[in-house]
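Subject: Structure handover

Hello,

Here is the structure I promised to pass on. Please open it next to this email and follow along.

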Amino acid sequence: MWNLDKIIVKGRKKLNGEISVQGAKNSVLPILVATLLVDGISVIHNCPYLSDVDATVKILRYLGCVVKREGHTITVDSTNIKKFDVPDNLMREMRSSIVFLGGIMGRMGKAVLSTPGGCEIGLRPIDLHLSAMEQFGATITTENGFIDCSAKEKGLVGTRIILSFPSVGATENIILTATLAKGVTIISNAAREPEIKDMADFLNSCGAKIHGAGESTITIEGVRSLCGAEHTVIPDRIVASTYMIATAMTGGTICLKDIVPSHIGPIIQPLRESGCHISVDGRNVVLASPTHLKRIRMIRTMPHPGFPTDVQAQMMALTSIAEGTSVFIENIFESRFKHIGELIRFGAKINTEGRMAVVEGVKSLNGANVKATDLRGGSAMILAGLCADGITELSEIHHIDRGYEEPEKVLGVLGADIKRVNNYETTKN
Ligand code: EPZ
């Protein structure tokens with residue numbers, strides 16, 4: 001049952017200051033799944049408080065793991081895995097639960113889970129995941145919304161897999177399956193997102209032999225078993241990008257401490273094109289806003305190191321108050337423009353045609369009652385509210401809690417007038 005909390009923003013406060021960035025959602029999720037391959041105890045640091053992390057922990061516990069959380073550290077004892085199925089209700093809590101397919105197959109040689117189905121941003125087919133499992137020699141039956149995947153007698157055997165699209169999830173599932181499989185697996189046209197390298201670094205610290213993660217060809221030599229290890233999750237490049245864009249939209253200056261600058265490389269150039277001044281000093285990045293934001297000619301979302309689709313909505317919010325016309329092409333997901341209808345409530349001028357959106361910048365936005373249509377669309381609503389005249393009331397914020405740890409507190413530290421109110425408070429006022 002979603003909570004009915006809302007976020008209330010009073011706009012026109014410049015954001016200034018320095019923050020550290022939470023651990024990466026899209027890294028901690030596959031890493032927690034990867035602990036299933038370990039015959040022992042894994043200690044994972046820098047785990048953010050997110051509903052997707054809670055959903056992943058629920059599945060680990062269901063499978064027989066002993067999971068403890070102390071602050072931002074999660075300890076997983078996966079010595080006694082008992083089950084290989086994941087109930088439908090747990091699978092549906094989170095789209096990326098599909099990565100449990102590789103984690104469970106890798107450990108148990110058999111997995112039964114319900115198909116994750118689509119979500120707000122697209123149909124999200126899993127054909128690449130299933131065809132990869134078959135190439136490892138597994139047999140797959142799909143019936144009544146369930147996938148039953150079983151290795152043949154001789155077990156899972158390493159092979160060469162050429163991905164027709166560099167899917168993040170499929171690449172992770174192949175690595176998870178190949179790590180304990182017999183022989184060598186080579187992935188061509190693999191996804192190169194930093195989160196994949198982070199998962200591979202964790203597995204290699206447990207004794208795996210994964211080479212080339214983060215590049216488009218990855219080679220995995222199967223090993224017999226893994227022992228436990230300690231790992232610190234990388235900072236979240238999407239969250240870092242979101243707070244940089246928030247600052248640029250309110251006209252302030254921000255220092256992001258202890259991040260990996262190369263991970264946000266794809267958004268630095270467009271932000272500079274909009275007039276921001278960005279300097280990098282080791283693992284600290286400083287963004288100083290221009291007096292007036294300028295349009296960004298063209299943003300095409302692409303697999304990493306192209307422009308990330310997970311920053312499309314936030315960057316669109318920025319261009320909605322920039323001088324001139326900006327064009328967006330969404331190449332990754334077929335319905336990732338749901339936030340546009342909500343941005344228009346603020347007074348933004350945006351037209352779409354298929355996967356293209358044309359944004360004509362306006363002088364200012366006005367506070368509005370809007371809803372979060374999905375995780376990143378929801379964060380774009382907060383950004384629009386921060387620079388709008390007046391009050392913004394944002395509902396359906398359960399979407400945002402999937403990927404941002406207490407955004408109202410982080411933005412509050414930077415000087416924003418923002419608060420979370422629960423249903424009782426909203427109805428009382
Ligand atoms: C990961 O999703 C991220 N999620 C997404 O972040 C991110 O948007 C996406 O990668 C792209 O960068 C996590 O890491 C948990 P894909 P994933 O498989 O793995 C198609 C966020 O906001 N495809 O790379 O599901 C698919 O439909 C989330 O944090 C197939 O056609 O993405 C899509 O169009 C949202 N068949 C494209 O590939 C397949 O079998 C990219 O999907 C698999 C994918």
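In what order do the strands of the open sheet that holds β6, β7, β8 and β9 stand? The order is β6-β7-β9-β8, and the pairing is mixed. Before you go further, note that this is a predicted model.

**The sheet with β6 to β9**

Start at the edges. β6 (85-86) and β8 (138-143) each have a single partner strand, so one side of each has no neighbour in the sheet. Now look at how β7 meets β9. Strand β7 covers residues 110-114 and strand β9 covers residues 146-151. They run antiparallel, joined by 5 bridges. To find one of these places, pick Ala-111: its bridge partner in β9 is Cys-149. A helix also packs on this sheet. It is α4, residues 100-108, and it touches β6, β7, β8 and β9. The direction of α4 makes about 155 degrees with that of β7.

**The sheet with β3, β4, β5 and β14**

This open sheet also has mixed pairing, and its 4 strands follow the order β4-β5-β3-β14. Which strands are at its edges? They are β4 (66-70) and β14 (230-232), and each pairs on one side only. From one strand to the next, the twist averages 15 degrees. Inside the sheet, 4 bridges link β3 (residues 41-45) with β5 (residues 73-77). These two strands are antiparallel. Ile-41 stands opposite Asp-77 of β5. Helix α7, residues 194-205, packs on the sheet and touches β3 and β14. Its direction makes about 160 degrees with that of β14.

**A hairpin**

Next, go to β20 (residues 349-353) and β21 (residues 356-360). They run antiparallel, and 5 bridges join them. Thr-352 faces Ala-357, which belongs to β21. The hairpin has 2 residues between its strands. Gly-354 in this hairpin takes a positive phi near 60 degrees.

**The second largest pocket**

Its volume is about 510 Å³. How many residues line it? There are 22, and those nearest the centre are Arg-12, Thr-291, His-292, Ile-321 and Lys-363. Two elements give two or more residues to this lining: α8 (237-250) and α12 (375-387). The top contributor is α8, which gives the most with 3 residues. Sorted by class, the lining holds 10 nonpolar, 7 polar and 5 charged residues.

**Arg-12 again**

Keep Arg-12 on screen. It is found in the loop between β1 and β2. Its phi is near 70 degrees, a positive value in a residue that is not glycine. The side chain of Arg-12 also meets that of Asp-389 in a salt bridge, at 2.6 Å from N to O. Why does this pair deserve a look? Asp-389 lies in the loop between α12 and β23 (391-395), while Arg-12 lies in the loop between β1 (6-10) and β2 (16-20), so the pair ties together parts that are 377 residues apart in sequence. The whole structure holds 18 salt bridges.

**Cavities**

Empty space is found by rolling a probe the size of a water molecule over the atoms. How many cavities of 30 Å³ or more does a search of the whole structure find? The search finds 4. The largest cavity has a volume of about 50 Å³. Among the residues that line it are Leu-29, Pro-30, Val-33, Met-94, Phe-100 and Glu-172. Helix α1 (residues 25-34) gives the largest share of this lining, 3 residues. By class, the lining has 6 nonpolar, 3 polar and 1 charged residues.

**Backbone details to check**

Keep one rule in mind here. Most residues other than glycine have a negative phi, and most peptide bonds are trans. Now see two places that differ from this rule. Asn-46 is not a glycine, yet it has a positive phi of about 65 degrees. You will find Asn-46 in the loop between β3 and α2 (51-63). The peptide bond from His-304 to Pro-305 is cis, with omega near 10 degrees. Pro-305 sits in the loop between β18 (298-300) and α10 (312-319).

Over to you.

Best wishes

Conventions:
Residues are numbered from 1 along each chain as its sequence is written. This is a predicted model: local features need pLDDT of at least 70, side-chain atom pairs count only at pLDDT 80 or more; totals for chains, interfaces and linings use all residues. Side-chain values use heavy atoms; hydrogens and water are left out. Two strands pair if DSSP finds at least two bridges between them. Contact means heavy atoms within 4.5 Å. Axes are lines fitted to C-alpha atoms, for helices over the stretch in contact, and angles run from 0 to 180 degrees between N-to-C directions. On a 1 Å grid over the protein atoms alone, a cavity is a set of points where a 1.4 Å probe fits but cannot get out, and a pocket is an open set with protein on both sides within 12 Å along at least five of seven lines; lining residues have an atom within 4 Å of a point. Grid points are joined across faces, edges and corners, and a volume is the space filled by probe spheres set on the points. Ala, Val, Leu, Ile, Met, Phe, Trp, Tyr, Cys and Pro count as nonpolar, Asp, Glu, Lys and Arg as charged, and the others, Gly among them, as polar. A salt bridge is a side-chain nitrogen of Lys or Arg within 4 Å of a carboxyl oxygen of Asp or Glu.
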